[in-house]
Amino acid sequence: MTSQDRLPQSRHLATDIPGPLSTAAMQRRKEAVSGGLGTAMPVIVSRAHNAIIEDIDGNRIIDLGSGIGVVSVGNSAPRVVKAVQEAVANFTHTNFTTVPYMGYIEVCEALNRLTPGKFKKKSILQNSGAEAVENAIKIARHYTKRPAVVVFEHAYHGRTNLTMALTAKNLPYKDGFGPFASEIYRMPMPYSYRYDGNLATIAEDSLAHVISKIEKEIGAHNVAAIIIEPVIGEGGFIVPPAGFMPGLQKFATENKIVFIADEVQSGFARTGKMFAVEHENIEPDMIITAKGIAGGMPLAAVTARAEIMDSSHVGGLGGTYGGNPVVCAAALAVIETIEEEKLVDRAAHIGTILFDSLNALKAKYPIIGEVRGRGAMVAIELVHAGTKDPNPEAMAKVIKYCQSKGVLILTAGTYGNVIRFLPPLVITDELLKDALGVLAEGFATL
């Protein structure tokens with residue numbers, strides 16, 4: 001029996017949170033680790049399985065964050081653990097561009113099969129979402145021989161120099177870290193909850209405005225790529241209004257612009273579809289994946305039309321650790337788990353529970369301005385009652401209460417007033433409802 005088998009899937013408080021052991025360890029962290037790193041919950045994990053994290057004080061915490069959407073198949077998922085153990089015993093590294101191996105090829109084959117698009121596709125593997133975004137932009141520019149990249153308000157694409165330029169929010173991601181890469185052009189994102197125009201025509205009006213800005217301020221013939229998140233992640237789980245993204249892709253296709261879907265947070269069954277673009281039957285020229293792709297192992301990918309991926313010269317793409325063999329084994333196990341355990345359907349079911357519970361809270365507490373998202377990627381935006389003014393203070397109090405009771409939830413949003421829910425897709429209904437009950441208690445304390 002493994003330690004994971006012995007970890008009950010139930011919430012349990014052995015001490016106050018944080019407990020004495022975590023408090024002491026956090027002091028060591030303060031002395032040893034850069035102060036530039038934040039902490040969402042001040043506990044030290046000892047083990048985790050499925051939707052429970054156990055800290056070194058013996059507290060069992062319900063995980064509604066999944067390592068920011070990473071362990072969607074559950075922490076230490078059995079297939080992933082087994083695959084990693086077998087792979088690491090065989091070999092740990094050769095570098096795929098030095099001596100290739102089957103795992104890399106098989107992950108690329110799986111991505112080419114799973115991602116939307118009836119055209120021939122090819123893939124490359126990297127270590128992180130930001131690295132994949134960098135490669136996507138690099139490839140699109142090389143393919144089109146154009147410099148400009150169009151991004152959107154509220155977007156998050158990473159923390160490297162180029163991806164910070166693509167990311168919208170200044171604090172905490174960009175402040176003081178410039179200068180940033182050039183030829184990045186930001187467009188308005190239709191944010192339904194905060195839209196001042198006619199909601200009945202938000203998609204059409206916003207699309208017309210974006211297209212006009214691209215044509216007049218950049219020139220469509222200068223644009224290499226349009227990159228957009230199908231569900232805006234760190235910006236607050238904003239879902240673009242129906243029709244906006246298909247219209248944007250149509251414009252891109254007509255102008256030979258590479259249309260890139262950043263599915264780093266929304267991909268791999270998270271939204272009740274394998275990929276979030278499938279909710280509107282979109283087939284991107286290029287799709288970026290990471291986070292949920294490998295069950296906690298560091299992996300990311302760029303998948304695109306074969307002619308785009310083959311446009312780079314030999315040796316133009318690569319990297320030391322990209323598509324490490326152990327990580328590839330984990331990814332194949334994740335894909336098998338998603339398909340065998342029908343986690344796409346499970347994500348939709350979890351979404352129903354989340355929306356029902358959160359909308360019931362919204363009806364009771366007017367500080368909840370909106371419930372939004374797709375599938376098991378859901379958020380609530382907190383405002384001052386009777387207004388749409390952001391209420392980060394209430395968000396902080398609710399988060400703190402939930403943590404004290406053994407429930408981990410994450411924040412998000414351009415205005416620092418959004419609570420987001422990213423539970424593992426293997427969480428039981430009972431555990432999820434227990435966590436939502438604690439959330440309700442948190443609102444009752446306000």
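This tour moves from the whole chain to its open sheet, its cysteines, its salt bridges and one helix.

**The whole chain**

Begin with the full chain displayed as a cartoon, bearing in mind that the model is predicted. The cartoon should show 13 helices and 15 strands. Viewed along its principal axes, the C-alpha trace spans about 60 × 60 × 45 Å. The radius of gyration is 22 Å, which agrees with the value near 22 Å expected of a compact globule with 446 residues. Colouring by relative accessibility gives a further overview: 55% of the 446 residues count as buried. Among contacts between residues at least 6 apart in sequence, 73% join residues at least 24 apart.

**The open sheet**

Next, select strands β4 to β10. Seven strands form an open sheet here, in the order β4-β10-β9-β8-β7-β5-β6, with mixed pairing. The edges are held by β4 (121-126) and β6 (184-187); each has a single partner strand, so one side of each is left without a neighbour in the sheet. Neighbouring strands of the sheet are turned against each other by 20° on average, direction ignored.

Zoom in on residues 286-289 and 300-305, which are strands β9 and β10. How many bridges join strand β9 to strand β10? There are four, and the two strands run antiparallel. Within this pair, show Ile 288, which stands opposite Val 302 of β10.

Now add helix α4, residues 102-114. This helix lies across β4, β9 and β10, and runs at about 130° to β4.

**The cysteines**

Remain at α4 and select Cys 108. A search of the whole structure finds zero disulfides. Cys 108 accordingly takes part in no disulfide; its nearest cysteine sulfur belongs to Cys 328 and is 7.4 Å away. Is Cys 108 buried or exposed? Its relative accessible area is 9%, so Cys 108 is buried. Then select Cys 402, which also counts as buried, at 0% relative accessibility.

**The salt bridges**

Turn now to the charged side chains. Side chains of opposite charge can pair when their charged atoms come close. The count in this model comes to 16 salt bridges.

Select Arg 194 and Glu 381. They form a salt bridge in which the closest N and O atoms are 2.7 Å apart. Arg 194 lies in the loop between β6 and α7 (202-218), whereas Glu 381 lies in strand β12 (residues 377-382), so the pair ties together parts that are 187 residues apart in sequence. The two partners can also be inspected for accessibility: Arg 194 counts as partly exposed at 23%, and Glu 381 is buried at 0%. Extend the selection to Glu 370 and Arg 372, which are linked with Arg 194 and Glu 381 in a network of salt bridges.

Move on to Arg 420 and Glu 234, whose side chains meet in a salt bridge with an N to O distance of 3.0 Å. Which parts does the pair tie together? Arg 420 is in strand β15 (residues 418-421) and Glu 234 is in the loop between β7 (223-228) and α8 (244-254), so the parts joined are 186 residues apart in sequence. Arg 420 is buried at 4% relative accessibility, and Glu 234 is buried at 13%.

For a salt bridge inside one helix, select Glu 217 and Lys 213, with an N to O distance of 3.0 Å. Both residues lie in helix α7, four residues apart, about one turn of the helix. Glu 217 is exposed, with a relative accessible area of 52%. Lys 213, in turn, counts as buried at 19%; the cut-off for buried is under 20%.

**Helix α8**

Finally, select helix α8 and display its side chains. Its buried residues are Phe 244, Met 245, Gly 247, Leu 248, Gln 249, Phe 251 and Ala 252. To see what surrounds them, add β5 (148-152), α7, β7 and β8 (258-262), against which the buried residues of α8 pack. The tour ends at Lys 256, which follows α8 and has a positive phi, near 55°.

Terms used:
Residues are numbered from 1 along each chain as its sequence is written. This is a predicted model: local features need pLDDT of at least 70, side-chain atom pairs count only at pLDDT 80 or more; totals for chains, interfaces and linings use all residues. Side-chain values use heavy atoms; hydrogens and water are left out. Two strands pair if DSSP finds at least two bridges between them. Axes are lines fitted to C-alpha atoms, for helices over the stretch in contact, and angles run from 0 to 180 degrees between N-to-C directions. Contact means heavy atoms within 4.5 Å. A disulfide is a pair of cysteine sulfur atoms within 2.5 Å. Buried means under 20% relative accessible area, exposed over 50%, partly exposed in between (1.4 Å probe, protein chains only). A salt bridge is a side-chain nitrogen of Lys or Arg within 4 Å of a carboxyl oxygen of Asp or Glu. The radius of gyration is taken over C-alpha atoms; the globule rule is 2.2 Å times the number of residues to the power 0.38.
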